[in-house]
Amino acid sequence: MALGTSMERHIASHPEAKTMGQKRKTSWHGVSQRWISSVFHMVNHARAVLFHEIGGPDVLKIEEVRLDAPGPGEVRVRIDAIGLNRAEALFRAGTYYYQPTLPGSRLGFEAAGTVEDVGPEVSGFAPGDAVCIASDQEMSRHGIYADRVNIPVQYLLPRPASVDAIIGAALWTTYLTAYGALVEVGRTNPGDDVIITAASSGVGLAAIQIANHLGATPIAVTRTAAKATRLLQAGAAHVVAADEGDLVSRVHAVTGGKGARTVFDAVGGPGLGELAQTVATDGLLIVYGWLDPRPAPLPMNWPITVHGFNVDLITTDPVRMGRARAFIEAGLRTGTLNPPIDRTFDLADIVQAHRHLESNTHIGKIVVTVQH
Ligand SMILES: NC(=O)c1ccc[n+]([C@@H]2O[C@H](COP(=O)([O-])OP(=O)(O)OC[C@H]3O[C@@H](n4cnc5c(N)ncnc54)[C@H](OP(=O)(O)O)[C@@H]3O)[C@@H](O)[C@H]2O)c1
């Protein structure tokens, strides 16, 4: 069997190989053939979620795929937990802002696990390191729904010892998005009123925590009153159920008639015009999602600033990313930032996990765990 350098390192680090080496001062000869072939299989194959056509959750299939040694600039990560995001359901359904490459598209942005191997030209990470992955928008290629992936090193973040895999997988996409919008773009100050729509979403709950962390007043908007109590428990100062009507006057009632300095909106659609009227004069409307896919009107209550936010504003800029990491890691240390986990599923149940995501009954992150 021809063993590559990466695999030799992997086998040499295995307890059985170490034991055999101590006993016999041999390299591979004492190690059972069965064990070598199981390791060979493990390091050359991965279980990955693929989809070959766009559609509902049932298009997701778990398949065995080839996994080469990590190439230049790549790191192999054994994945222990995967954080689900709405964007992945939209991508799978063909309604995201770009289309998957089919057949055989990967899926997923964020995960947590342990470094197993590093390719050439990688510095800063070594086998055994606990890490988080916050991947890019090339989901068909870099999607991380798998038990192992090779991922470009720039998408790795060290995972502090106090952060377990489930929290580590639930962290970065949501908090980087809420941080980027409310801090880097919104320049939120203590005392500001901040309206957060789809407030029970992963990003919405992160925004509630960040607004509180900044001394601002988070006003949660949800479609019905069903999640109101849990949103108050999650830190919302006020909750407005959109289906109870008259959004503008209810926001004005809790903002002393001024409206909110900042509105952070994941919904868009025809309701954007009414939502914009909850923004204070010369305030800021940050739109970052289109959960309602219908066309949205340009708000006309000028002066108002409308910002279309994308988290790439943070992740592609090392200076902003450094500030974001410092902010989020400080919040984790003090406990003011702590992603609420709605429910966990096993990777084998990825279809059910996506069904749960699309049921819209969740509050916070849905996390998929991986058994090895
Ligand atoms: N721009 C960026 O860089 C960026 C980054 C990350 C995420 N996002 C976007 O952020 C949004 C939230 O993502 P997520 O993963 O945090 O979501 P999520 O956890 O799946 O939560 C979605 C929640 O939104 C509400 N909702 C669902 N459909 C809706 C509709 N048609 N109209 C109004 N509300 C609806 C529901 O809450 P209620 O039942 O309580 O209303 C639902 O529980 C998505 O649009 C996503 O694409 C954007």
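**Exercises on the ligand shell and the fold**

In this predicted model, 26 residues surround the ligand, and those that come nearest are Arg86, Ala198, Ser201, Gly289 and Val311. Two or more residues of the shell come from each of the elements α4 (86–93), α7 (172–185) and α8 (202–213).

**Exercise 1.** Determine which element gives the largest share of the shell around the ligand, and how the shell divides by class.

*Solution.* Begin with the elements: α7 gives the largest share, which comes to three residues. Then sort the shell by class, which yields 10 nonpolar, 12 polar and four charged residues.

**Exercise 2.** Explain why the ligand lies between domain 1 and domain 2.

*Solution.* Take the bounds to begin with: domain 1 covers 44–171 + 341–369, and domain 2 covers 174–314. Next, note that both domains give residues to the shell around the ligand, and therefore the ligand lies between them.

**Exercise 3.** Work out how β9 and β10 run relative to each other, parallel or antiparallel, and what unit they make with helix α9.

*Solution.* Strand β9 (residues 217–222) is joined to strand β10 (residues 238–241) by four bridges, and the two strands run parallel. Within this pairing, Val221 stands opposite Val240 in β10. Adding helix α9 (residues 228–233) to β9 and β10 then gives a β-α-β unit, which is right-handed.

**Exercise 4.** Describe the chain through its secondary structure, its burial and its contacts.

*Solution.* The chain has 14 helices and 15 strands. Of its 372 residues, 42% are buried, where buried requires 20 or more other C-beta atoms within 10 Å of the residue's own. Finally, among contacts with a separation of 6 or more, 64% are between residues 24 or more positions apart.

Technical notes: Residues numbered from 1 in each chain as written. Predicted model: local features only at pLDDT ≥ 70, side-chain atom pairs only at ≥ 80, totals over all residues. Near = placed C-beta within 6 Å. Nonpolar A, V, L, I, M, F, W, Y, C, P; charged D, E, K, R; others polar. Domains from an automatic or database assignment. Buried ≥ 20, exposed ≤ 12 C-beta atoms within 10 Å, placed from the backbone. Contact = placed C-beta atoms within 7 Å. Pairing = 2+ DSSP bridges. Right-handed = clockwise from strand over helix to strand, strands pointing away.
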